[in-house]
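Visitor: I've got a structure open on my screen and some questions to go with it. Could you walk me through what the atoms say?

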Amino acid sequence: METTHLSQHISSRFNEDLEAVRADLLAMGGLVEEQLRRSLAALADADSALAGEVVRDDAKVNRMEVAIDEECLRILATRAPTAGDLRLIVAIIKAITDLERIGDEARKIANIALRLATLERPADRYREIRHLGRLVEGMVHDALDAFARMDVDAALRVAQHDRHVDEEYESIQRQCVTFMMEDPRQIRRTLDVTWAARALERVGDHATNIGEYVVYMVHGEDIRHTRIEEVETRIRPRADESDEA
Amino acid sequence: MPRQPFALTLKMWGFMAVRLLITLALGLAVGLITGRVFAGLFVTLLLYTGWQLANLFRLDHWLRHRSLMDPPILGGVWDDVVTQVVRLHRRKRYHKQRLLTVLHELRDSTAALPDGVIVLNRSGEIEWLNRMAAQLLQLRGRSDIGIRIDNLIRQPEFVQYLAGTDFSAPMVLQTGTAPETWLSLHALPYGEGRRMLLVRDVTRQTRLESMRKEFVANASHELRSPLTVISGYLETLATDPALDPQLAPPVAEMRRQADRMAAIIGDLLVLSRLEAKDAQVEGEPIDVAAMLALLRKDVLARPQRPATVSLDIDSADRLLGDDIEIHSAFANLVDNAAKYTPAEGTMTLRWWTDGAGAHFSVADTGPGIPAEAIPRLTERFYRVDAGRSRATGGSGLGLAIVKHVLQRHGGRLEIDSVEGRGSTFTCHFPARRIVPAPVDPTHS
C-alpha cells in the first residue's frame, strides 16, 4: 500500500531525508498543537504569564517553518523526487504554511487572553470558546495524525468536522451580538471574545487544508474547493482498489 | 527418539554388498558364456548404476515435493535413508511448533500486562505494541506499526525526550483535555539502538500528589492566623505586671513553643512554595561573597556562638539564581552549623569556583552525624536522635528546604561527617550558573 512507498528507495540517504523532513513537519505540528492548547488555557484561566509564553514561543514556530522550507527546497534541488515523493514534499511545503498560520492564530488568542486577563472573568470562563477550542484542537490533532498515518479516511473526517465548527462559530456570534445589545459597557470584551472565536474558526479551516493535502499526497487528487460527497465518490473506488492490491 | 540398532544397519549394508556381488557374478557369468567378459561386466555395472541413479532421482524428487507426496518405496538402504529424513523432518516440525507456542504465550502475556509496552527500532518506528499501550496513547494497534512514534505522539517535551540520550528517568506527559490524563513514559535502550517504551497511567498518583501539596499549603496557611492570635495574647500576658509570678515560667515556655510553631509553619509554607514551582529558576547574578559576609556577621552577633567563624572567599564570581531562595538555603546551613558547634569550636564558610562549577561549604567542629543518618538527613522532620534538634529549637525542615532550593538551581548537597570531629555541608552548583564578577573601574 501507499504507506510503505517511503521504504522502497534504493538510496537510503534519500529515504532518511524524506523521513526526517516529515518528522520535522510533525514535530512542528506538535509545537503548534501545544501553542493552541496553552493559548486556550491562558484564556480560560486568565493566566497572563502563560499567554506571554505563547506569544514569545510563536517565534519558535516561525523558525521551524523556515528550516523545513529550506530542507524541502534542498531535497527538490538535489534529489529531483518524482511521483509520491514529489507529492509528499509539495504537501509538506503547503502544510507548514497552514501550521504557521495556526501558530499565528494561537498567538492572537494569547494576545486576547492578555487583554482579557486584566478584566473580570465571566463565571462560565468562556464556556463557548472552550467548547469551540476543543473541537478545533481535535481537528488539528486528527489532521496531523492522518498525515503521519497517510490515512485518507481520517483526513476526510476532519473536513466533516469543519461544519460543526462553522455552526458553533455562527452561534457564538449571535450570542455576542445579543450581549452587546443588552449591555453596551461589555462591547469591548464581547468583541474580544468574537475575535477569539474567529481565530478558532480559521484554525479549523487550516486543519481542513492539511487534511486535503493528505488526500493529495496519497491519491494525487486535488480536492480543494470540492464538496465532500463528490470527493467521496472520486476517492472511494481508488481506495478499494488499493486495498485489494 | 529410537535409533535404528547398529546391527540392523550393518545387516542392511551387508545385504547391499551381497546384491552388488551377485550382480557382478551374473555379469561375469554372462561374459564367460558370450566370451566377452569385459563387455558383460560393463553392461551389468551400467545397469546397476542406472538403477541406483533412478533411485537417487526419485529420492531427490520426493525431497523437493515432500509436502505433496508420500515417501517412495525404494528398497534396501534407500528406504533406510528415507526413514531417517522423515524422522528428522518430524523432529524439526515438533520443535518449531513448541517454539511457536512459547512465543505466542510470551506475546499474549506481554499483551495482557497492565502497563503499555512499545518496541521501537533504531529510527524510532513502532515495531510492536501491546493493547494497553495502544489504549493509553490512543494508537491504532497493528496498523500503526512501522510509523515513527514521535510522528504520532507529537508533544514537544516527548519529542525532545526521545531525541535525547538521557533515559535514566521516565517523563510525565499530560494528555487529553478534561478529564486530563497523566502518563509516565520511560524509554529503555537495549540491543543495537533499539528502545522499549514503557507507558504507565499515573493520573491517580499525580492527582494525589497535587492534593497532598495543596493540603499542606492550605493547612499551614490556615494554622497561621489562630497562632498569631495566641502569640499576641501570650506577649501581652508576659509583659503584664499583674501576672502571678508563679505563672511567669509557664507563660515564657508557652511563648517559646508558640514561636517554634510559627517557625515550623513558616518553613512548611516556604517548602510548599518551592514545590509548586518545580521548574528550574533562571534568576539573576548574586554576590555570594557579600551574602556570606552578612551571614557571618549574624552568627557573630549571637549570644552563644563558636569562638572562631572564618570566611574563606576564593572567588569573586557571581552565582546565577534566585536571591531569596539561595539566601534561605545558605542561612539554614550556617544556622545549623552555628547551633551544633560548641562555644570553643571553629566554623568555616567557603566559597570557590572551579571547572566543575561553583561551591559553597560550611564546616563545623560539632558532634558530627552518624553515617547511617546522612542519607535521611534531608527528609522532613527527620531527627538524628530524639533530643538533639528539639533542644536547639529547629523546625526539622531546614535541610529539606536546602535540598529543594539546590534542585531548583541544578545543584546538589554533599554531606561529609565524622562522628565526634565535625561535619561539612557542601552545595555544588553547575558551571553554567557562574557569572564572572563585573570589573570595578575604580580598582583597575
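**A walk through the two chains**

Visitor: Let's start with helix 3 of chain B: how far apart are its end C-alpha atoms?
Guide: One thing up front: this is a predicted model. Helix 3 of chain B covers residues 77–111, which is 35 residues. At 1.5 Å a residue it should span 51 Å, and the model agrees, because its end C-alpha atoms are 51 Å apart.

Visitor: How many residues of helix 3 of chain B count as buried?
Guide: To count as buried, a residue needs 20 or more other C-beta atoms within 10 Å of its own. Helix 3 of chain B is hardly covered, and among its 35 residues the buried count is zero.

Visitor: At what angle do helix 1 and helix 2 of chain B pack?
Guide: Two packed helices are described by the angle between their axes and the distance between the axes. Here the pair is helix 1 (residues 6–34) and helix 2 (residues 37–64) of chain B, with axes 7 Å apart. Their crossing is right-handed. The packing angle is about 145°.

Visitor: And how many charged residues sit in the contact of helix 1 with helix 2 of chain B?
Guide: Helix 1 of chain B brings residues including B:Leu24, B:Gly27 and B:Gly31, while helix 2 of chain B brings others, among them B:Phe38, B:Leu41 and B:Tyr48. By class, that contact has 12 nonpolar and six polar residues, and the charged count is zero: there are no charged residues.

Visitor: Where do the chains meet, and which element of chain B gives the largest share of the side that touches chain A?
Guide: The contact takes 14 residues from chain A and 12 residues from chain B. On the chain B side, the elements giving two or more residues are helix 5 (149–152) and helix 6 (156–163). The largest share, three residues, comes from helix 5 of chain B.

Visitor: How do the residues on the side of chain B that touches chain A divide by class?
Guide: Chain B puts 12 residues into that contact. They divide into four nonpolar, four polar and four charged.

Visitor: Over to the sheet in chain B: which are its edge strands?
Guide: The sheet is open, with five strands in the order 7-9-10-12-11 and mixed pairing. From one strand to the next, the twist averages 10°. An edge strand here pairs on one side only, and that description fits strand 7 (308–313) and strand 11 (412–418) of chain B.

Visitor: Which helix of chain B lies across strand 7, strand 9 and strand 10?
Guide: The strands under it are strand 7, strand 9 (346–354) and strand 10 (357–364) of chain B. The helix covers residues 288–300 and runs at about 180° to strand 7 of chain B, and its name is helix 9.

Visitor: In which sense do strand 10 and strand 12 of chain B pair?
Guide: Seven bridges hold strand 10 to strand 12 of chain B, and in one of these pairings B:Ala363 has B:Thr424 as its partner in strand 12. Strand 11 of chain B is joined to strand 12 (residues 422–430) by seven bridges too, running antiparallel. For strand 10 and strand 12 of chain B, the sense is antiparallel.

Visitor: Which residue takes a positive phi in the hairpin of strand 11 and strand 12 of chain B?
Guide: This hairpin has three residues between the strands. Across the strands, B:Arg412 has B:His428 as its bridge partner. The positive phi, near 85°, belongs to B:Gly420.

Visitor: Is B:Cys427 buried or exposed?
Guide: B:Cys427 sits in strand 12 of chain B, where it is the bridge partner of B:Leu413. Its contacts beyond four places in sequence include B:His359, B:Phe360 and B:Leu406. Because B:Cys427 has 24 C-beta neighbours inside 10 Å, it counts as buried.

Visitor: Now chain A: how many helices and strands does it have?
Guide: From the N terminus on, the elements run α-α-α-α-α-α-α. That makes seven helices and zero strands.

Visitor: How many other C-beta atoms lie within 10 Å of A:Leu25?
Guide: A:Leu25 is in helix 1 (residues 12–45) of chain A. Leaving aside neighbours within four places in sequence, A:Leu25 is in contact with A:Ile68, A:Ile92, A:Ala95 and A:Ile96. A:Leu25 is buried, and the count of other C-beta atoms within 10 Å is 27.

Terms used: Residues numbered from 1 in each chain as written. Chains lettered and ligands numbered in written order. Predicted model: local features only at pLDDT ≥ 70, side-chain atom pairs only at ≥ 80, totals over all residues. Helix = DSSP H or I, 4+ residues; strand = E, 2+ residues; numbered from the N terminus. Expected span 1.5 Å × (residues − 1). Buried ≥ 20, exposed ≤ 12 C-beta atoms within 10 Å, placed from the backbone. Contact = placed C-beta atoms within 7 Å. Nonpolar A, V, L, I, M, F, W, Y, C, P; charged D, E, K, R; others polar. Pairing = 2+ DSSP bridges. Axes fitted to C-alpha atoms, helices over the stretch in contact; angles between N-to-C directions. Left-handed = near helix turned anticlockwise from the far one by under 90°.
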